[in-house]
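Me: Could you take a close look at one part of this model for me? I'd like to hear about the place where the two chains meet.

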Amino acid sequence: MSGSYFSAIFGKSPVRPLQEHMEKVLSCVSELSPFTKALLGAKPEEMTAHYEKIVMMENEADALKKELRMRLPSTLFMPIDRRDVLEVLTMQDMVAGSARDVAGLIIGRDMKIPRSMAKTYKKLVKRCIDAAGQAYIAICELDELIETGFGKVERKRVGRLLVKLDNIEQDTDELQVLLRSQLFELESELPPVDVMFLYKIIENTGTIGDRAQRVGSRLQLMLAR
Amino acid sequence: MEFSLWYLGLAAAFGLFMAWGIGANDVANAMATSVGSKALTIKQAILVAAIFEFAGAFLAGGQVTSTIRKGIIDAASVESNPELLIFGMLAALLAAAVWLLVASRKGWPVSTTHSIVGAIVGFAVVGIGVDAVHWSKVATIAASWVVSPLLSGFLAFAIFMSVQKLILDTKDPLSNARKYVPLYIFAVGFILALVTLLKGLKHIGLDLSYMQSVVVAIVSGIITMLIGIFAIKRIKIDPDQDADFRFTNVEKIFGVLMIFTACGMAFAHGSNDVANAVGPVAAIVSIVKTGAVAQKSALATWILLLGAVGIVLGLATYGWRVIRTVGKNITELTPSRGFAAELAAASTVVIASGTGIPISTTHTLVGAVLGVGIARGIGALNLRVVRNIMLSWIITLPAGGILAVIFFFLLKGVFYNGPAI
């Protein structure tokens, strides 16, 4: 006799796995900080070590993503839309992906950041990591959201977290503009191909912030339902 | 009657076996939410179940028992041949018990209530005649199987919404929990006491008027509430635990509430499901005693006691293991939702018990859980499993019926020596 069929009505909530995935994404993105430090300090060995860590964690995040996708059948009845969960997940994964892109490009082309841009670039990286961190904080509110049945007070709280995320993302936009103008000043002194790729790096780094913000907007859509 | 002692002995044995089965299997579903949300340890759950299943069965099990005993079959149809009803009721008990044994071995979601009702209707139609069944009563019972999960789902939804408005979705959930949780505890005590009292405790020598019942119910509600307030006071609030999940301490207070709703759930389950075991026994006993299909005779107290003891025996010998298994598998349910589901289900079931309608406790609880889910309160529910549970009666009714017919003719072949029919 088992008699345990009743417990089978409770499915596995996607919230915890979603948060774990974002946690992994955040640690992957955070690795960009020591990576950039090594880059600006011209320490190639350290850079490679951090790059490898980034790749490893991106792969781990990818595995978590696939695992969660697998156990989200359409017969699950959840307080959040299945499609929203999957889209938040994809967006989270893309945050890690863009961190890997940036590091990969820098390693692959053995790029240097011009001295006059170093300080601003470091700031940009920091703000992008902040954006990912803020997105993680917002995603951490998901269990509180479900606890309160997406109540008004809790939704407002999450709303405030998302406003802060938007502000951080705006910072990253402004830093990108500043970096581009700094690079423009240097254009004539640098090899043209390097210039092209420096623009690319600025853009790719900014993408981290953009995508972190889009994690937030997806979360906002969940709240609106 | 020639085989009177045989009949009585078999009835008591089958009834006890059926009650044992209910205690071994069914109780787990009623208690699992409390164990799963860690409001109760296994030991506490077993203690609560034993005490309140017994109380529910003994104090409030009479109404449904009399429905099973004489509400489904028209006594006039077997007046000339009361023994047929004895065979039928024995067959129904045996059929339901066997079917439950098979189903629970296979892990099928099967309701005791559906099994026994299907079995009684089955033997009556084939063994006596289509007219022997009170079809209007059967229709009411069948309708209640649809209505009861809906009602408890709606109640659970409303209760959970009120919890959000009053406690969870406020600026200070902790102090609101302290303020409002005792009111829900009051509701548990009040509802259980009221339904039990209104339906009369004549069989234990207590006969109260309507107003007296209401007053006693309010008093029991208040007493329950005071115990609750005392228990909440003893809870240690540790702000550090709220770092990861901000409602950890609030949930502890709901944990206290859930101890009370678990008692309510066990009481409700006992009051409705004991009838599945002792209803047929009661019918047999009254025929054997009077030699006729007596409709007026009162329900003997010892029969309810037999059922109550059987359930506790089932719980003690086997049910505790099932509770442990089922409880372990429910990890996503916190006390704030578990209590809402339990309070809704328990209220629905005791109301059904009071009106004498046999319903499925598990279905009612599943309905309540869905209600909380619809209020966006539960992480994930497997709709396919829910559907399978809800539709299980489509197989259970005919299965119980067919088995009962087989046993009916077997018993008739062995014992019957009356006039040919």
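Reply: Here's a walk through the side of chain B that touches chain A, with a few words on chain A afterwards. Keep in mind that this is a predicted model.

Start with the head count: 31 residues of chain A are in contact with 44 residues of chain B. On the chain B side, the elements that each supply at least two residues are helix H1 (4-36), helix H4 (82-106), helix H6 (135-168), helix H10 (301-329), helix H12 (361-374), strand E1 (381-382) and helix H13 (383-391). H1(B) gives the most, with 6 residues. As for the chemistry, that side of chain B has 23 nonpolar, 14 polar and 7 charged residues.

Now for the strands. E1(B) is joined by 2 bridges to strand E1 of chain A, residues 76-77, and the two run antiparallel. Within that pairing, A:Leu76 stands opposite B:Asn382.

What does the partner, chain A, look like? It has 8 helices and 1 strand, and along the sequence these follow the pattern α-α-α-β-α-α-α-α-α. So much for the order of elements; on to the overall dimensions. The C-alpha trace of chain A spans about 75 × 40 × 25 Å along its principal axes, and 46% of its 225 residues count as buried. If you look at contacts in chain A between residues at least 6 apart in sequence, 85% of them join residues at least 24 apart.

Terms used: Residues numbered from 1 in each chain as written. Chains lettered and ligands numbered in written order. Predicted model: local features only at pLDDT ≥ 70, side-chain atom pairs only at ≥ 80, totals over all residues. Contact = placed C-beta atoms within 7 Å. Helix = DSSP H or I, 4+ residues; strand = E, 2+ residues; numbered from the N terminus. Nonpolar A, V, L, I, M, F, W, Y, C, P; charged D, E, K, R; others polar. Pairing = 2+ DSSP bridges. Buried ≥ 20, exposed ≤ 12 C-beta atoms within 10 Å, placed from the backbone.
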